[in-house]
Amino acid sequence: MKDQLKYTGFGEEAQAQLRDNLMKAQNEFTIKQTTSYGKDELSVSLNFKKSTNSDMFFFNNYRAELQKPGSDAKISQTFYVNNEGRNITQKEAYNLLDGRSVNKDLGNKDGQIHNAWIKLDFKETTASGNYKMRQFSPQYGFELEKSLEKFPVKELLDPNERVKLLESLERGNRQAVTFKGEEGEQKRFIEANPQFKSVTIYDQDQKRLRQSFETSQKAGESQDKRQENSAKNTLSPNDEIGDKQGKRKGIK
């Protein structure tokens with residue numbers, strides 16, 4: 001459980017509370033903590049329960065609740081924990097609740113592993129009250145590197161910086177980058193947008209630059225038209241989950 005807390009992004013304070021709670025005579029307990037991401041606050045409740053057949057405890061799930069500044073409403077979701085190491089980390093939970101997409105290796109009911117981009121659908125909920133999770137497999141057609149290369153991102157020129165940038169975007173981060181142009185270097189923020197097969201661009205004040213986004217979309221549409229003209233039997237993209245295709249190992 002200590003390793004589970006560590007690799008899902010919960011720090012030493014949570015691990016200390018875990019030890020304290022395990023010393024008490026109780027069948028279940030909850031550890032709570034709050035983390036700030038800029039002006040946003042993410043509150044989490046980590047839920048532990050004792051086995052009915054032994055003295056072992058299990059870290060079952062955690063409830064994450066996002067509070068945005070100036071808003072009374074909170075956005076929350078329960079994320080379940082398994083022993084395979086493919087759990088949603090605390091930072092990834094924040095990114096998902098903030099509306100971004102995360103790239104993960106996922107397991108199905110048969111134990112098969114597949115890779116997909118996931119995103120919360122805030123318009124639909126499950127019977128348990130969670131938001132439904134949309135998945136975009138490799139077959140859907142989004143390629144992060146190709147989408148990035150449509151923009152003059154300085155970090156793409158350095159192999160090490162390129163890998164760090166891709167891994168950060170796969171974790172759902174809104175990442176600071178440098179754009180190189182005729183007017184010199186400019187600070188920008190970008191995030192992956194697999195649903196629209198693109199990346200979303202923000203200025204240095206993190207205000208969305210719609211023109212850049214539309215330019216990327218048009219470039220993608222032009223490429224799609226060229227592919228359609230050259231191959232009439234091209235399959236249309238779909239939302240079905242696909243197997244892992246060349247997934248890089250992300251940083252926890």
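In strand 4, Lys74 is the bridge partner of Gln67, and this pair is a handy place to enter the predicted model. Follow the chain around it and you will find that strand 3 and strand 4 make a hairpin, with 6 residues between them. Look for Gly70 in that turn, where phi is positive at about 80°. The two strands, 3 and 4, run antiparallel and pair over 7 bridges.

Now step across to the other neighbour of strand 3. Strand 2 and strand 3 are also antiparallel partners, joined over 10 bridges. Here too there is a hairpin, again with 6 residues between the strands. If you would like a residue pair to orient yourself by, take Leu42, whose bridge partner in strand 3 is Leu66. As you scan along these strands, keep in mind that side chains in a regular strand alternate between the two faces of the sheet.

From here, let us turn to helix 3, which spans residues 90-97. How many of its 8 residues are buried? The count is 7, so the helix is largely enclosed by the rest of the structure. Those buried residues are Gln90, Glu92, Ala93, Tyr94, Asn95, Leu96 and Leu97, where buried means under 20% relative accessible area.

And what do the buried residues of helix 3 pack against? Their partners include the strands we have just visited, namely strand 2 (40-50), strand 3 (57-67) and strand 4 (74-80). Strand 1 (28-37), strand 5 (102-107) and strand 6 (113-125) are packed against as well. Just after the helix comes Gly99, with a positive phi of about 95°.

Technical notes:
Residues numbered from 1 in each chain as written. Predicted model: local features only at pLDDT ≥ 70, side-chain atom pairs only at ≥ 80, totals over all residues. Heavy atoms only, no water. Buried < 20%, exposed > 50% of the residue type's maximum accessible area, 1.4 Å probe, protein only. Contact = heavy atoms within 4.5 Å. Pairing = 2+ DSSP bridges.
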